[in-house]
Amino acid sequence: MRQRLAELRGPDVPAKALDARALAALAANPGCRRRAILDGAGVDKAAVAGALGSPPVFGQSQFAIVRGNSFEAKVKADGGAELLRLAHEALGGGPEPAADAQVPDLAATGPEGRTARTALALREAAGRPGTWTLLDHPMLALEVAGSPAFLEPDAVVVHPDGSWTVVEIKSFPMLDGSADPAKVGAAARQAAVYVLALERVAARLDPPPRVGHRVLLVCPKDFSNLPTASAVDVRKQRAVTDRQLARLTRVEEIADALPEGVCFAPGLPAEQLTEAVDAVPASYAPECLSACELAFHCRARSQEAGAVTRLGRPVRAELGGLATVTDVLAAARGEAGDPADPAVAALRRAAALRAEALRGAGLREAVPCP
């Protein structure tokens, strides 16, 4: 199967690793076979979108990345003393951190090696009760649609009581003890993926350590560069992510259904690449615009097809079997559709009320353009 996925990327094209942010977006749209196969094969979707003429417009600026890296380095300075102090202050888990906290070396060759080294460090930490341990950028593995995804949280803290906590370090400010709810929500969804992966490691130990359902969110305090922290409960996000990832179609099934010779290499001619991408069904929704690199291409295709999915998932759910705008308008005018269908009946009732309101106002309905 690995050979097949390598063929989908193209010859000599390295695989792009999945990160927690991508998994959180993937879990939010589990019915999208296009994203599942591209992510599963390690295709660089941003490069593909650029080659198709629909480049993504979201992402961090270089300035924000540099600022974030600088803040993270400050938080983890001196063996993570400040980070452990914040963890104890927000979550407890034992006595105050001492100067002899453990910070194991997690260096290893390749993601598989780093994953194994992280699992060993966590096992060793579990055998040292009463000691604080900080894992700086550990590597965790999580199976997604039949393929392993390697994830790298900012940090994992092992408390003296044996519990494990995921740490998310962000550069957006926490003003008067609270931060932008949208950004906190995105951080929580990302951290939930790490919690799931960490639970897989814990399950292999006897007895399994407790993985905290509250993660530590570390941000700059007010408008300074001083770190502050808050405990964020991710039980809801973890449950949703676990359920959605379990529903993902296996990559093998999607790959087997593709025509022979399909390749998603960004260097292909635009016409050939477009044909390859369109060979895999997508499940576009407006939410994709802030989460998927291919969203603008998929939106254009959805508009060309007149699909109602571009109006949003709630609207799509209300319309039942009416899949296109043309079908919806025809049903509302009484030209098509089963009158016993609740969606069709509601549309015709809405059309009748609209016509009645226009007549009452002395207006006529606009004649649609051919």
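**Exercise 1. Find where His-159 sits in the fold, and say whether it is buried or exposed.**

Start with the location: His-159 belongs to the loop that links β4 and β5. Helices (H or I, at least four residues) and strands (E, at least two) are DSSP runs here, numbered from the N terminus. Keep in mind that this is a predicted model, where local features need pLDDT of at least 70, side-chain atom pairs count only at pLDDT 80 or more, and totals for chains, interfaces and linings use all residues. Residues are numbered from 1 along each chain as its sequence is written, and side-chain values use heavy atoms, with hydrogens and water left out.

Next, the accessibility. His-159 counts as buried because its relative accessibility is 2%; buried means under 20% relative accessible area, exposed over 50%, and partly exposed in between (1.4 Å probe, protein chains only).

Now the surroundings. Setting aside neighbours within four places in sequence, His-159 is in contact (heavy atoms within 4.5 Å) with Ala-87, Leu-91, Gly-92, Gly-93, Thr-131, Trp-132 and Thr-165. With Gly-92 there's also a link to the backbone: the His-159 side chain reaches the backbone oxygen of Gly-92 at 3.0 Å.

**Exercise 2. Work out the strand order of the five-stranded sheet and name its edge strands.**

Step one is the order. The sheet is open, runs β1-β4-β5-β6-β7, and has mixed pairing. Two strands pair if DSSP finds at least two bridges between them.

Step two, the edges: β1 (133-136) and β7 (227-233) each pair on one side only. On average, neighbouring strands are turned by 25° against each other, direction ignored.

Step three, look at two of the pairs. β1 and β4 (residues 155-158) are antiparallel over four bridges, and Leu-135 has Val-156 of β4 as its bridge partner. β5 and β6, on the other hand, run parallel and are joined by three bridges; there, Val-167 stands opposite Leu-216 in β6.

Step four, check how covered β6 is. Six of its seven residues are buried, so β6 is largely enclosed by the rest of the structure.

**Exercise 3. Say which strands helices α5 and α7 touch or lie across, and at what angles they run.**

Take α5 (residues 62-75) first: this helix lies across β5 (164-169), β6 (214-220) and β7, at about 115° to β6. Then α7 (residues 110-126), which packs on the sheet and touches β1, β4 and β5, its direction making about 175° with that of β1. For the angles, axes are lines fitted to C-alpha atoms, for helices over the stretch in contact, and values run from 0 to 180 degrees between N-to-C directions.

**Exercise 4. Pick out the buried side of α9, then do the same for α12.**

Begin with α9 (residues 235-247), whose buried residues are Thr-241, Gln-244 and Leu-245. They sit on the same side of α9 because they cover an arc of only 100° around the axis; the arc is that of the directions from the helix axis to the C-beta atoms. Over on the other side, Lys-236, Ala-246 and Arg-247 are exposed. The cover for the buried residues of α9 includes α2 (20-28), β2 (140-144) and α8 (181-203).

Turn to α12 (residues 295-305), where Ala-295, His-297, Cys-298 and Ser-302 are buried. These fall within an arc of 160°, so they line one face of the helix. Their cover includes α3 (33-40) and α11 (270-278). Right after α12 comes Gly-306, with a positive phi near 70°.

Key. The expected span of a helix is 1.5 Å times one less than its number of residues. A polar contact is a pair of N or O atoms within 3.5 Å; within protein, one must be able to donate a hydrogen and the other to accept it, and residues adjacent in sequence count only if both atoms are side-chain atoms.
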